[in-house]
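User: Hi! I am new to reading protein structures, and I would like some help. Could we go through one together, feature by feature?

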Amino acid sequence: MLRPSSLRSTSSSRVLFFSSHGVARRPLASAPSPLPPPEWIEPFLDVSDLTHHRGDPRNPSPWFPRVVSLVLASAPGSLPSDLASFCRRFLIRLSPAFVSHSLRSPDLRHRPDLALAFFRWAATQKKYPGHHLDSYVALIDILSSSDNTETSRIKELIAEIRARANLLPAAPSAATSLVRSLGSTGMVEELLWVWRWMKESGVEPSLMCYNCLLDGLVNSMFVDSAEKVFEAMEATRVRPDVVSYNTLIKGYSKVGRTQKAVDRFEEMQEKKIQPDKITYLSLMQCHYSDGQFHECLVLSHEMEEKGLEIPTHAYSLVISGLCKEGKPFEGMAVLESMVRRGCKANVANYTVLIDSFAKSMNEDHAMMLFERMKNDGLEPDQVTYGVIINCLCKAEKLDKAMELFKFCKENDVLVNAIFYSSLIDGYGKAGLVDEAQGLFNEMVEHGFVPDSYCYNALIDAFGKAGRIDEACALFKRMEMEGCDHTVYTYTILMDGLFKKHKNEEALKLWNMMIDKGITPTPAAFRALSKGLCLSGKFTRACKILDELAPMGIVPETAHEDMINVLCKAGRFEQACQLADGIIGKGREVPGRVRTIMINALRKAGNADLAFKLVHSKVGIGYNRYGSIKRRIKFQTLLNS
């Protein structure tokens, strides 16, 4: 019989008792009637006598909204007393099923403090049989999805579950939810314990449970463990589906195992499991991270052929990859295809294309895209403006760059150090050193910390302007402010010192760079060898070059660069001596040195000497002195 509990109250209505003769009589004042015991409230009305469906979820208990509202209206500290008073007033107790259902309320999902307080209070009810596993799972789900995941609280709850080993067999579906919640928080130790617990309890994991476990392990970077679970899964009746493969491929992408991702992709097709857009996107991410940009393009074409929807991020990977390869026009074609298929381009797509056009010195296309982006209703962000200012600076349009820079400051666009670095570099290369220095000072005043690129731009400007003392002072300031010197810093400063004939200081700088373990680039050695050759110390340059070989540094064009420098300076005798020394020590093949020398003389404008070399045996022929054979030296060109 239906008995709505809401009719209970503690009112003072009198109760009549009947004698054996049926005569009503009042109870004695000294013997008040005892209150009935509190009733356990379930989340759904019991209408078993009215319908064949017991506990029909379409008939929720009227107590459910009242209890949830009370919890939400209370403070965590006062909630226990509020709930106790409420239940005492209406002679009710909340059953484990009611507690579990209440914790699933969407209203409590964003109040983990209240959910936890409600959970703890419920367990204190008299004769409470203990929480169901569903209640633990619901609470862990709330705690794991909050902004500040409370891992310590979750660990406490897992410890309580472990202490009650009989929970799992009664609720295998709840165990799957538990695996999902723990996986999302990255609590791998607890996740693997639940997995073992299921196995020991004889609970066969479902496909969803396997996939949740794989996802949790992959998100925590335990890809090897995920791989073992995947292999164990294949040995059971539960077969991996497209979600299983997608999760594992995502894991391979995270740890850079592109070939394994490709192998799994091919395995899917062999097993007649059709890859979806997520599969392709994960595999494209693998190839992109590995620098295999062409493969991203191939996969996008394959998606088109199969009629799959290409996500915006997939297009972004293809466009970005083509731009990294210096192919902005091909990237532009992909953008047009993207728009034709109804996929709207975003700010990042336009920005990477603008940057690529700018780097290829195609300012017109970069500015055209910038205008098109605004016409499409997209608002450029600080990255886009930074790219455009850098583009204008490289195109030597400093007035336009400064105009746009002022526009950004006046229109609340966040200006950063990159803006200043581009402008400093632009003004420095244009020879406007004072303007570049003014921007550097302004940047520091506004609280921006200059990086190596910014310092290098100003040092280069000072060096090219012959203000080498200021360049050296800036070099020391970098060190004092904890900014790392790069190989480029040493290169430009050495070049400036050599131009001012401060050869010993330049050599000290080179030795400092080597001592700090900074690997010289071909450009760094070129600056050093050029300075030494022009100061008549080409043998010293050759010696340093020999010292680099054991370090695994062998600039391919080093000898060619030195000969070119000497010939360009009109020092043909020294060039010939260097060429003879290179051949004499076996550093280069004679024929190659001869070709280098011919080209260097021609570029230096000495066509007569170059023509004479072409029609001689110098470098490759020999003179005989009796039984002795000696190579014809380059210096004979100048003696004859």
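User: In which hand does α11 pass α13, left or right?

Analyst: Happy to help! Please keep in mind that this is a predicted model. Here α11 passes α13 in a left-handed crossing.

User: How do I describe a pair of helices like that?

Analyst: Here is the general idea. Two packed helices are described by the angle between their axes and the distance between the axes. Now the case here: helix α11 covers residues 242-255 and helix α13 covers residues 277-289. Their axes come within 9 Å and cross at roughly 15 degrees. Angles under 35 degrees count as roughly parallel, so α11 is roughly parallel to α13.

User: Which residues make the contact of α11 with α13?

Analyst: On the α11 side you will find V242, N246, I249, K250, Y252 and S253. The α13 side brings I278, T279, S282, L283, Q285 and C286. Sorted by character, the residues of this contact divide into 6 nonpolar, 5 polar and 1 charged.

User: Let me try a second pair. At what angle do α20 and α21 pack?

Analyst: The angle is about 160 degrees, and the axes are 11 Å apart. Helix α21 spans residues 417-429, while α20 runs over 398-410. Angles over 145 degrees count as roughly antiparallel, so α20 is roughly antiparallel to α21. The crossing of α20 and α21 is left-handed.

User: Which residues of α20 and α21 meet?

Analyst: From α20 come L398, A401, M402, F405 and C408. They meet F419, Y420, L423, G426 and Y427 of α21. The residues of this contact divide into 9 nonpolar, 1 polar and no charged.

User: Now for single residues. Is N349 buried or exposed?

Analyst: The number to look at is the relative accessible area, and under 20% a residue counts as buried. N349 has a relative accessible area of 2%, so it is buried. You can find N349 in helix α17, residues 347-359.

User: What is N349 in contact with, leaving aside its neighbours within four places in sequence?

Analyst: N349 is in contact with T312, S316, I319, L335 and M338.

User: What does phi tell me about a residue?

Analyst: Phi is a backbone angle worth checking by its sign. Most residues other than glycine have a negative phi, and most peptide bonds are trans. Two residues here are good to look at. K127 has a phi near 60 degrees, a positive value in a residue other than glycine. M221 is not a glycine either, and its phi is positive at about 70 degrees.

User: Where do K127 and M221 lie?

Analyst: K127 is in the loop between α4 (112-122) and α5 (133-145). M221 is in the loop between α9 (207-219) and α10 (223-234). Over 50% counts as exposed, so K127 is exposed at 69% relative accessible area. M221, at 44% relative accessibility, counts as partly exposed.

User: How can I spot residues that are apart in sequence but brought together by the fold?

Analyst: Compare their separation along the chain with the distance between their C-alpha atoms. A395 and M361 are 34 residues apart along the chain, and their C-alpha atoms are separated by 7.2 Å. A395 sits in the loop between α19 (382-394) and α20 (398-410), and it is partly exposed, with a relative accessible area of 27%.

User: How far are the C-alpha atoms of R571 and C533 separated?

Analyst: They are separated by 9.5 Å, with their places 38 residues apart along the chain. R571 lies in the loop between α29 (558-568) and α30 (572-584). Not counting residues up to four places away in sequence, R571 touches C533, L534, S535, G536 and L566. R571 is partly exposed, with a relative accessible area of 30%.

User: Let us step back. How many helices and strands does the protein chain have?

Analyst: The secondary structure comes to 33 helices and 6 strands. Of the 640 residues in the protein chain, 46% are buried. The chain exposes about 33,400 Å², and carbon and sulfur atoms supply 53% of that area. Among contacts between residues at least 6 apart in sequence, 59% join residues at least 24 apart.

How values were computed
Residues numbered from 1 in each chain as written. Predicted model: local features only at pLDDT ≥ 70, side-chain atom pairs only at ≥ 80, totals over all residues. Heavy atoms only, no water. Axes fitted to C-alpha atoms, helices over the stretch in contact; angles between N-to-C directions. Helix = DSSP H or I, 4+ residues; strand = E, 2+ residues; numbered from the N terminus. Parallel < 35°, antiparallel > 145°, perpendicular 65-115°, else oblique. Left-handed = near helix turned anticlockwise from the far one by under 90°. Contact = heavy atoms within 4.5 Å. Nonpolar A, V, L, I, M, F, W, Y, C, P; charged D, E, K, R; others polar. Buried < 20%, exposed > 50% of the residue type's maximum accessible area, 1.4 Å probe, protein only. Areas by Shrake-Rupley, 256 points an atom, 1.4 Å probe, with all protein chains shown as cover.
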